[in-house]
Amino acid sequence: MIEYLISAEFYQILLFYVYSGILIGAALAVVTMRNSIYSALFLILAFFSAAALWLLLEAEFLALTLVLVYVGAVMVLFLFVIMMLDVKIKPKSGISMYTKVGIFVALLMALEMIMLLGKKMAHVLPQDDLVKHVKGYSNVKEVAENLYTQYILPFELASVILLVAIVAAILLTLRKRSDYKYVSPESQVHVKANKNRMRVVKMETEKGNYIGGDE
Amino acid sequence: MFGWSELTPVLPELIILATACIVLILGLFTTHEKGGLLVLTSIAGVVFAAIATAKSHMGTQELVKQVLFNGNFVRDYMGDVLKVAVYFIMLFVFIYSKQYLRNKNIFKGEFFALMLFGLLGIMIMISGYNYITLYLGLELLALSSYALVAYDRDNAQSNESAMKYFILGAIASGMLLYGMSMIYGATGSLQIDQISAAIGQSQDTMLVVFGLVFVLVGVAFKLGAAPFHMWVPDVYQGAPTATTLFISSAPKIAAFAFAVRILGQSLDGVFAQWQHIIAVIALLSIIIGNLFALQQTNIKRLFAYSTISHIGFMLLGFLGGEEGYSASMFYIITYALMSVAGFGMIIVLSCKGFEAENISDFKGLNQRNGWFAFMMLLIVASMAGFPPLVGFFSKLYVLKAVVDQGFYVLASIAVIFAVIGSFYYLKLIKVMYFDESESDQEITAGFDVKSILSFNALLQLALLLFIPSILGYCIKAIESL
């Protein structure tokens, strides 16, 4: 018993449950927090726990990418957006009817799913087999090989989706202000002194019927 | 590794992608009023793609099913037939949207670029052979559609419907992915044929069925079938009519292909489990679609509910075995043609600062313009399924396939509600022919749009001559799966 408690297997399972617990808790907090900054911070916590789970699976590259890309870039940008938008914190209100019904249905579904899967899947779940790679195994190489040969088509499609996202974002947000006092340098350069700038107006001199004087 | 042998079969997709990028760049140099060049480029791209698709069928050799890109993509007869149908419909969509965007003075190059990206998504959904590829095609289409729905951004209704569409679409995608991951866990593969083989070998299919339920929710949402239909009327009404025209036609064909690939090809081993769910979804769609359409006064909402009932009929065909699949395929192709004509009619009757989106706007159309009243009559009667028109035959084939499988009760309920539904189509016809006109609005649309619309509406009659050959293509397509 003691031997099992100090073994690497036990330690790994313990870590798995700790990180999974944090992940689920953080994910719940993301959707229940009233203040959206807290939500964003909890999302960062969720990403960190997910990265830790990947580390347990010896997928270091994915774990690092998750932290770098999502925590480092996406979430920081997200926080900026939230802080710039001046989001109001919703005052505490009672649980609405929809929420009550929603929670009831969700609990019912969760219960059904547990009853359906729990018993049958218990023996299928991995017990304590560790992921162990041989020495010199390269995570990056494995990912790259799959991404650029086996899944090249989905990879390219994902890039098209990103392009569409960019186009859509710009299309929906770019606005030209009507009160913008912008002078085009191009038209400024093309101004000709005698054509566009100065105009000699010829007027006939007034004759007769002049007002004033003392005729 | 891949080379030319893998790139030639995906030539249509490459052409559409290239056209989309060209249109995107050309759009930068186009002013709001013009833009004929953009429409022309888009049409040229679609025509070239159609030639590339049809070329492999011109010779005497039969197209052999090719699985490419390590099992991510399939080129088969069904895919090619559906793609040609989609190209054909997209031509109408481009021409009608040009008219609409000019009328409302919101012409931008991005509109056509996004539609072409959406078309690429449709083609990937038709030809995907792996759950990842299918899902990415779906998202590509969905993302373009969200942007197109929100396109008229100064219009509050357009924004609201885009928001609803986006949030509900994201939830549906989540459901779909959850189901797919369950199926992956049960079968150890994401490739269509491998999943089917794995289900055939395993004794315990419980986990697959578990995933299947979630996948079905996702598919039903994307189709707009009954318990998941709430977004359809709001989005159809709120979106600019040019967008409604698009999302009500070509994506439905893609959703059919998506459902066939997932339900018919990969989850065929658990047919006994999903046939009941599909039967309930189909019946609910027919009932809800027809009953709720009765009380609509907005014609876009009315068409939305009619779409729901049509999707119900299409899903009914999934119960009818191989014969049923080909009937469904015929149904969805002809439906897309009707739908595009119906919304095209709204666009043609609209003019600057006025949109003919209420049923009352169609009052006395016969006095104002007898020809277009007749065109609308053809479209509406075909949707209702009156005998000499193509809509009648598509319903007939689906019902025949279902009856052949012994689902008498299902078929009779469907027929009863189709008859109830014909009331609101008749109401539209009555309004056009027997009511007094309230306005003397002239039809300002250009000659090209008018003639294309007339062609589109007359197709409801003219297709009668081609029914045997189109149905033949559909049967051959399903047999070659």
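By class, five nonpolar, three polar and one charged residues form the lining of the second largest cavity, where Ala, Val, Leu, Ile, Met, Phe, Trp, Tyr, Cys and Pro count as nonpolar, Asp, Glu, Lys and Arg as charged, and the others, Gly among them, as polar. The model is a predicted one, in which local features need pLDDT of at least 70 and side-chain atom pairs count only at pLDDT 80 or more, whereas totals for chains, interfaces and linings use all residues. Residues are numbered from 1 along each chain as its sequence is written, chains are lettered from A and ligands numbered from 1 in the order in which they are written, and side-chain values use heavy atoms, with hydrogens and water left out.

This second largest cavity holds about 50 Å³ of space and is lined by B:N290, B:S309, B:H310, B:F313, B:M383, B:A384, B:K395, B:A418 and B:Y425. A cavity is here a set of points, on a 1 Å grid over the protein atoms alone, where a 1.4 Å probe fits but cannot get out, and lining residues have an atom within 4 Å of a point; grid points are joined across faces, edges and corners, and a volume is the space filled by probe spheres set on the points. At least two lining residues each come from α14 (299–316), α17 (370–384) and α19 (408–434) of chain B, with the largest share, three residues, supplied by α14(B). Helices (H or I, at least four residues) and strands (E, at least two) are DSSP runs, numbered from the N terminus.

In total, the structure contains three cavities of 30 Å³ or more. The largest cavity encloses about 190 Å³, and among its 16 lining residues B:L141, B:Y165, B:K222, B:W231 and B:P251 lie nearest its centre. Two or more residues of this lining are given by each of α6 (131–149), α7 (156–187), α9 (206–223), α10 (231–238) and α12 (250–266) of chain B, and α6(B) gives the most, with five. The lining of the largest cavity comprises 12 nonpolar, two polar and two charged residues.

The largest nonpolar core, a set of buried Ala, Val, Leu, Ile, Met, Phe, Trp, Tyr and Cys residues joined through side-chain atoms within 4.5 Å, has 195 residues, and those with the most contacts inside it are B:Y131, B:L267, B:W274, B:L316, B:F318, B:M329 and B:F362. Helix α15 (residues 321–349) of chain B gives the most to this core, with 19 residues. Apart from the largest core lies another, of 10 residues, including A:A40, A:M75, A:L79 and A:I82. Buried denotes under 20% relative accessible area (1.4 Å probe, protein chains only), and 17% of the 215 residues in chain A are buried.

The largest pocket, an open set of points with protein on both sides within 12 Å along at least five of seven lines, has a volume of about 1100 Å³. Of its 18 lining residues, A:W54, A:L62, A:Y70, A:V143 and A:L147 are the closest to its centre. Within this lining, α4(A) gives the most, with seven residues, and the residues divide into 15 nonpolar, two polar and one charged.

Chain A has nine helices and zero strands. Its mean pLDDT, the predictor's confidence in each residue from 0 to 100, is 83, and 89% of its residues reach 70 or more. Confidence in chain A is lowest in helix α9 (residues 193–197), at a mean of 73, and highest in α7(A), at 93.

Notes: Buried < 20%, exposed > 50% of the residue type's maximum accessible area, 1.4 Å probe, protein only.
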